[in-house]
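Student: Could you take one part of this model and look at it closely, including the packing around it? I would like the cut-offs stated as you go.

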Amino acid sequence: MEKRFEKYRGIHPGIILERELRKRNLAQRPFALSVGLARQSFNQIIKGKRNLPLPAALKIDRELGIEQGTLALLQTHYEIEKEKRKLLQENRPDLQLLRKSLFWDTDSETIDWIRQARAVILRVFERGNFTEKKEILRFYGPEKTRQVLRDNTNTAGAVQWDKAI
């Protein structure tokens, strides 16, 4: 992969392709035809709505004089990032059981529930209701929850919950 494209890892290659075409003053329609893609398909790729197929990526690399495989690698990195985001979404507590007001200062969709476990546990056990505490206990498990609550003596109600866990 070309060095100048390294910084675009994780971004859809169509968006980068659109930028590259603009820099070179190339129109989308004639370029799409020159690499054997339908105008509509090419437009969807450029908008990030469709994946860039490997044969098309190689043709585009050749047509633009980019190192072979650059766009294909960008597509792969994009798919890896997409899968990582999907796994993060799956690995979280049931948000329907947690009030949005508990996390008023952040978007609950962007919380890294694993890395920020301590902060989440403390907040829920300090401000949450029984159902929310129960969900956090289920998600993190009794051992992890007990450890966090023991380590922080400032949490109101931690002693009571520590005995109940």
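Tutor: Helices (H or I, at least four residues) and strands (E, at least two) are taken as DSSP runs and numbered from the N terminus. This is a predicted model, in which local features need pLDDT of at least 70 and side-chain atom pairs count only at pLDDT 80 or more, whereas totals for chains, interfaces and linings use all residues. Residues are numbered from 1 along each chain as its sequence is written, and side-chain values use heavy atoms, with hydrogens and water left out.

The part I would choose is α1, and just after α1 comes Asn25, which takes a positive phi of about 55°. Within the helix itself, the buried residues (under 20% relative accessible area with a 1.4 Å probe, protein chains only; exposed is over 50%, partly exposed in between) are Pro13, Gly14, Ile16, Leu17, Glu18, Glu20 and Leu21. Of these, Leu17 deserves a closer look: leaving aside residues up to four places away in sequence, Leu17 touches Phe31, Phe42, Ile46, Ile60 and Leu64, where contact means heavy atoms within 4.5 Å.

Leu17 also belongs to the largest nonpolar core, which has 22 residues, and stands with Phe31, Phe42 and Ile60 among those with the most contacts inside that core. Such a core is a set of buried Ala, Val, Leu, Ile, Met, Phe, Trp, Tyr and Cys residues joined through side-chain atoms within 4.5 Å. Two or more of its residues come from each of α1 (13-23), α2 (28-34), α3 (39-46), α4 (54-64) and α5 (70-90), and the largest share, 4 residues, is given by α4. Apart from this core lies another, of 17 residues, including Ile111, Ala117, Phe139 and Leu149.
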